[in-house]
Structure formats: structure tokens, C-alpha cells
Amino acid sequence: MATISEEDTSILDKLDSVVPAPLAQFDAFPKLPSTYKSRSESRGFMTVFVCILAFLLMLNDIGEFMFGWPDYEFSVDKDTSSFMNINVDLVVKMPCRYISVDLRDAIGDRLFLSGSGLKRDGTRFDVGQATKLKEHAAMLSATQAVAQSRKSLGFFDTLLRRNSKAEIAPTYDHPPHPSACRVYGTIEVKKVTANLHITTLGHGYASREHVNHNLMNLSHVITEFSFGPYFPDIVQPLDYSFELAKDPFVAYQYFLHVVPTTYIAPRSAPLHTHQYSVTHYTRVMEHNQGTPGIFFKFDLDPMSLTIHQRTTTFTQLMIRCVGVIGGVFVCMSYAIRISTHAVKVVTGSEEEFIVSARSSGAKGGLRSKWGGGEIRARKMVQQGTGWTMESNPGSPAVGSGYGSYTNTPLSQSFSPAPSPYLGSPSFGSPMIPSSSNPGTPLPGSSFPTSPRPSSLYQSKTPSMSAGLFPGSNAATIGSSSLSGAYPPSVPGAPSYSNFPPTPNPVNGNGNGFPAGPPPRRTPSSGSGSGKKDD
Amino acid sequence: MAKGFLANLKGVDAFGKTTDDVKIKTRTGAFLTLVSAAIILSFTLMEFIDYRRIYTDTSLLVDRSRGEKLSMRMNVTFPRVPCYLVSVDVMDISGETQRDITHSIRKARLDSSGKEIRGSRSTSLKNEVEKYTEDQSADYCGSCYGGLEPANGCCNTCEEVRTAYINKGWSFSNPDSIEQCKKEGWADKLKEQANEGCNVVGRVRVNKVAGNIHLSPGRSFRSSSRDVYELVPYLRDDGSKHDYSHTIHELTFESQHPLSVLFGLLLISAASLYYFTSLDDDDYNFRKSRVTKEMRKRLGLDDPLKGTTRTTNKPRYMYQYFLKVVSTHFRTIDGQLLKSHQYSATHFERDIAEGGQGDTPQGVYLQHGVSGVPGVFFNFEISPILVVHTDTRQSFAHFVTSTCAIIGGVLTVASLFDSMLFATTRALKKH
């Protein structure tokens, strides 16, 4: 046995040995021996509940640490580069030789994109998954944007941290007589207001050819239209939209406003892209009224937006959790204290009934073994700041006074003659001194217990005549209190020699209340006394 | 014991005290106490640092100012263009044009090494000319050589003849045949100043709409509602190469409320002057502008074009800057509001000698729609958004709350941990 205890306590002993002995007085956490703590099942439930509550409150802080919240910052764009990229991928339902792709900017330059810059492939017109230009896509959060930008990276790219430049996928569908034209590529343009347009030959720019009106069909499917570095998986408003033309002369105008955006997700590098908002307008016209075509008119915003997904640091998380746990426990303990005090005030301080479930140990046999508990109101006796349960379930312990030592049941019991308790004739003489001074222990008491030192008790209790029961320790609540036999009837003992034994310091047991001031005498003390005892 | 009121209060005491003889003190408890004291100290220190740190909050509003005039303050040096070949013009989309601004612009002549030539502050050769014409007899009336005559019908100086020619729509190409110019030695002066540079400093006042300010050679004039630039003196081969390489030392935008200008001029009353000057941009107030400058530097919002230098050796080269101006307000910690402007800039340059076609850097064929004039062009437009940068700090109450939370939390958690340890020790010792 001794060896086991040595091993078990070795770690704690090591901990003990870290701190030199005289330092022990700096211990700021008062620990009470468990005898001074009263525990109840109801408060056990409360503790579990408080733990669950604290954990739920911590979840919020843990979520903030892991996922964070979006923080938006605006500033005037500091990027002084003169050029930016436009990524285009769209299919027009006309053969490639009939359309002309150009860009005009605010400086007055016209870029001829039909020859170089944008590739044009004959293909089949297929709407595919595109939808009509819908409401703007929902705003991307920083983590979503960064995740989408990385979707197209393969395994080795992530492993070797390669920033692979995505290229627009080549055309796969080359029918022999293509009826549609896919215009795709990345072009570098000046960072000024500009107009990228697809027009038909003969209607628009001066040209030697003229497209037959029957062959003009400006239906188009836009697969990709974005600014800045090419991230195919970031969804832009114009992606996967289509328009079907019913008239030959129609002008589709898209007005775009571009905002440079930087997404910063937690624990990743900043991602610089551009966002844009688009409105569109379709105009059907007569032959010479205007220029038919598809027009993308865009201009740039001087404000740049930074979407930063901010998280708390680990130390902040620790501070928060510690604060939450501490606060919840302290608040709950005060709440309990206040509520019990309030209940005590409201229902009167005579006795408090706390409903507790308890196995009915009085009945023996099968019932006691298999029978469930009963819920009954137990009279709780206040001892110090704790509670002790009234011992005898059978005793009609509903009278006043017996539960509380501050009351005068003792005086009743000490009272001579009228009390039916006083069965023993020998009660007489030795009681006399006690009747006058009920609090003092009787000289004839033969109980071996000696009073404990007064330091053990928080508050002075009136002395019950201590010598009633064989020494037994102060019981904690919940213990089955029916113990043993009635105490021997000692001549000269006060009336509750007949009373059930147990560790009810009210009756005076081994704890040995020291002699104290006499209990208060209540006038009604005599009335309830008849019911108290059997 | 206190009687009466206080006695009743005793029951409310939430801090029950444990008497000393009941407390059990252990060494692990002391160890935990010291550890928690250390943790509390470090956390409180971090909270204190957070409390003292200044955060900058940015918010966007719509700019609701009305009637303000924007003025662009600039300081540009052209090392290889003499001052008489630099003219400052403004055009905006409301149609207002200001040609050859001289009243708020000072052009200082620089010698070929960049040092300022003392004593010369004029745009043209006026100083010597004025001295010269004082020597003339009173009723000398020079011919205007066919140009548009001024009101008094006389062109007494070379400059007046030149103006007459420009107003007629002719270019002033041959000063040697003009009598007034020969007398003034204009051609000689041209040769003398051919190697100089020019530093243009001053303020140009514009409407708060999209427009452009350009510094280009030669005088500009309107002829049949088009602006024509007289480039002959610039392009003439006078023995030295001019080009519009430049260094921008400063380029900022400020706004001034016109009523403050009006009241400033009329000096109607100190109170109204004070009120209306408070509508101005605070860059006019030198004390406030110092605070603004310091705050901008801290936030990294300095003007993007400050200190840019572009050089070329082609005479027919055009630089274009596209500026987008955004109103900005700064609010300091002590609640002071400072108004200012910021801008974003992109630049482009073009060799006009190339002609109407070219290639982009990517290789795409390009056609210029505008023929282009050599010089430096600042195209600006105004943004409707107003940016407010606010300096804030956590309040003291927040700091106190955090400290209490830290202390309470750490102590409670430690005491829970300690009592668990204690119970475990007890349980183990029992067996």
C-alpha cells in the first residue's frame, strides 16, 4: 500500500518540491476541507449546466479564431502601373470572317484586335450551361475568393508553391464549316476608360466588305470576362451568360465599372484582382440608325477595396476563454447564493425544504433494492453555511424548531414535565439545572466525545447537549442517516435520548458543540413539541 | 456590531470570508498562484498596449460639397525647355478654357545645370523690353505687320506683334523681319535662352469637373472653335534640342470655397471671413496642413506623382497623366477635422513622330485617333466618393473591463484547477 501511494503521489510531490515550503503561505486559493463544503445534487446539476454554458460561449471565440470576420478597407488606388489585362472568352453566332473586334480608349487610340491579341476560332454555337444575365453574383468573401483562385492549381503546384498562370483553354470543337466564332485571349490595355466592341463588317467601321443582313446574328455566349490576372474559377458577373438575338440589327451594351480588389484570407498571401459591376442595355435598331454590335464599355474606379478576413491571435483567444469561464462560474455561484438567500428570506428562516430525490432506505428487502427513489420534502437543517438532512424519515419531523439549532426545540426538549418526551423519570433532577440553562451540557453526560476546538466552526452554535449519541462524525448531506440504534437512555440525559441517533449536531453528537449562548426562547416552543417525537 | 441599517445589509454580503484556521494552504497552490499572477501581468500588459494603440478607420461617404473650386498646386521642372516655350492652359468639359495662365504661375528660368537664374521672373522677355520701350519716344506707333491690331492700333513691342499674329491665326515664324523684334534683339535672346530649363510653380484654379491642364510649347489660340498650338518656335532648329523631359516635385489638389475668396477680398467682417474660410480645404491653413501631412505620411497616402521624373530625347514626345481626384477628410484623435484631396494617377507617353499608327507592347496594331501635341497633359476627373479616415482608440472603460475580465477569469480558472488538483491529491493519498 505504501509503495502505491508513493508512486501515485510522486508527481504531486515533485510539484510540491518545486516550491519551497515557506512560499506556501502565498497560496491565494483558499481550500476548505471537504467537511466544510456541503454538496447537493441540485448544485451538481448546476455545475454541469454551467460547464456546458461556458463551453458554448467559448465556441464563439474559437470560431472567431479559426474563421474570423471580414474587414473592409477602402483606399485610393496606389497602383501606378499603366497597363492591365482583360481576359475575354465569348462565342458569337457568326463566322469569324464577318466580325471585327476592336478597342477604343479615352486617349483616342484604336486597337485592332481582329488580327492579333485575341484569337478567333470557328466553332459551334452552344449555349451550354450559360444563363441569361442574372442578378449580380453574390459577393465573394476573402476565403472563397482565395479558394477559388487556387482551385485550378494542381497538386504539385500547391506542393512546390508554383503560381501557375492559368491559360484560357483552347477550343476543342472544330466543325468543318463553323457557323460561330469563339473570341478568346488576354489583352493588355491601358488603364483608362475604354470600349471593347465586336461589330460586323460594313456596319460600323469603314470596310470593303459588307455582311448580308440575313447572315447577321449577334447572339453570343460569354464564358469569361474579367480584368487583371486570370483566375478561371472566380465567378464574375458576366461569366456564363448568353443573349439570343432575334433581329439582325441589335446593339448589346454592357457598362462595366471596375474596382481593384485585394482579397486577404487568413494565413495566405494577398490576392490582387479586379471586381466589376455591370449593367446592360439591349437596343434594337433600324438599318441606318446606329451601329449594331456587342459593346463592353468599362471605366476604372479610383478607390480600391481590400477584403481582409481577420482572425484573433492565439493569446487573445486564451484571454477571452479564460474570461468567459471565470465569469460564468463566478456569476453562477453568486446567483445561486443570492437565490438561496432569497428563498430563505421569503419562506422564513425556520426551515428550508429542498426537494431531493432519495432512495427510501427505510423499507427493506426487495423494495429497497429495486425500488426507485422517492421524492419527498426533506427538512434541511442548516449547519453553518451548509445543510444537513434531517435524519429520520419516519419521524414526523415537521415541527418547528427541531430543524434549526437557532430555534428552541431544544428548549422544548429541555423543558421539564409538560413534554411528553420526558419519559424517563430520572429525567427529573438533573434536568433542573438544564432547564434553567438548557444550553449547557449536562454534568451527567457520559459521552466520550470531546468538544472539538472552536476553530472548526464558522459560527457559534448554541450548545446542544453534547452527550447524547455515541461519537459520530458530522454527517454530510446525502448520507443515509439512519444509523444505528437509539442511544442508550442515560439517566439524566435530556429528552432526546429517545430521538433517532444520527449525526445531527443539533442533537449534539461527536462534534461537540462548545458551550454557547442559550438558544432563543420562542413562545410557541411548546406547541409543536407534541408532534415531534415518538 | 453595526446596528440598524448596516446590520440588515450583512446578509447581502456576497463575499463570504473563510477564516484563516480553516483554510488549507499547499505548495502547489502557491505555485499556481505565482503562475497565475505572471499570466495576469502579461495579459494586462498586452491589453494595455492594445489600449494605447491608435487604429485608423476608413469610411466612405458621398461628397456633397457644392460650389467649390478646385485648385491644383504644382511644381514641375523642365530641364530642356526654356520658359518662353512653356505655356499653361486649362480646358474642362464645361467648356471653360484658360489659356496661357500667368497670374498665378511663376516660371523661373534655370540654367543648363538646373540652378535658378536670379532676377528673372517673367514668362517672356518683358523686363528688358519694358526698359527698352521707356526709352522710346512717346508717340511711336509700330506697325503690326498684318496681324490683328489691338485697340490702340499700335504694336510697339515684339511681343505685341506676336500677339497680333496669333490672334489673326498666323504663326510667328520669322522674327527677324519684324522691326520691333530686331530692335529688341529677340532672336539673340532666343539663342541665349535656348539652353535653359524652366521651373513652373504655382496654382491653377479649375472647376470641380473633369478637365485637363496642359503644359505645352507655344501659345495656343482659338481659331474657328478649335484650339491650335503654335509650335513653330519649338520645332525650329535653333541649335539645341528641346524635349519635354520633366520632374514633378509637387502636384496636389486643394479646394477653396469661392465665398471665402470673396470675403477675403472684401474683408467684410472678421466673423464671416472666419466662417467662410472654414469651408476651405485645410491645406490653406498652414498649421492644419502640417497635421494633415503627417497623418498622410503615416497612412501612406502621399501624392503618387510626387518626385516622378521622366526623361526622353525625342522632341516630339507627349506625356499624359490621368488623375482621379477623391475628396478626403481626416479626423484626428482629438476630434479635429481636416479636409484634403487625394488622387490616383496613371501615365502614358507617346512618340508623336511615329505618326498615326503603331504597335502596343503586346504587338497589337494600334491607330491613334488624336494627332497629339508635345507636352505634359494632366487629365483629371472628380470622384463622387468622399473618404474619411478616422483615428480611434479603445476607450478606457473597455480597458478596465478587459482587465477585470482577465483577472477574474484567470483566478477562477486557476482556483478550479487548484481545487481539482487538491481533491486528486487527497483521493490518491487516501489509497
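Student: Of the 534 residues of chain A, what share counts as buried?

Tutor: In this predicted model, 44% of the residues of chain A count as buried. A residue falls in that class when its relative accessible area is under 20%.

Student: What does the surface of chain A consist of, and how much area is exposed?

Tutor: About 27400 Å² of chain A is exposed, and 60% of that area comes from carbon and sulfur atoms.

Student: How many helices and strands does chain A have?

Tutor: Chain A contains eight helices and 17 strands. On contacts, take the pairs in chain A that lie at least 6 residues apart in sequence: 76% of them join residues at least 24 apart.

Student: How many salt bridges does the structure hold over all chains?

Tutor: There are 18 over all chains. The criterion is a side-chain nitrogen of Lys or Arg within 4 Å of a carboxyl oxygen of Asp or Glu. One of them pairs A:E64 with A:R320, at 3.4 Å from N to O. A:E64 belongs to helix α2 (residues 41-66) and A:R320 to helix α5 (residues 314-347), both of chain A, so the bridge ties together parts 256 residues apart in sequence.

Student: Are A:E64 and A:R320 buried or exposed?

Tutor: Neither label fits. A:E64 is partly exposed, because its relative accessibility is 25%. A:R320 has a relative accessible area of 40% and is partly exposed too.

Student: Which strands hold A:R310 and A:D71?

Tutor: The side chains of these two residues, A:R310 and A:D71, form a salt bridge with an N to O distance of 2.5 Å. A:R310 sits in strand β14 (residues 303-310) and A:D71 in strand β1 (residues 69-76) of chain A, which places the partners 239 residues apart. A:R310, at 28% relative accessible area, is partly exposed. A:D71 is partly exposed as well, at 23%.

Student: Where in chain A do A:D109 and A:K190 lie?

Tutor: First the bridge itself: the closest N and O atoms of A:D109 and A:K190 are 3.0 Å apart. A:D109 is in strand β4 (residues 109-112) and A:K190 in strand β7 (residues 180-190) of chain A, so this pair ties together parts 81 residues apart in sequence.

Student: Do they count as buried or exposed?

Tutor: A:D109 is buried, because its relative accessibility is 2%. A:K190 is also buried, with a value of 13%.

Student: Which residues are joined into one network by salt bridges that share partners?

Tutor: In chain B, shared partners link B:R73, B:R203, B:E250 and B:E254 into one network.

Definitions and conventions
Residues numbered from 1 in each chain as written. Chains lettered and ligands numbered in written order. Predicted model: local features only at pLDDT ≥ 70, side-chain atom pairs only at ≥ 80, totals over all residues. Heavy atoms only, no water. Helix = DSSP H or I, 4+ residues; strand = E, 2+ residues; numbered from the N terminus. Buried < 20%, exposed > 50% of the residue type's maximum accessible area, 1.4 Å probe, protein only. Contact = heavy atoms within 4.5 Å. Areas by Shrake-Rupley, 256 points an atom, 1.4 Å probe, with all protein chains shown as cover.
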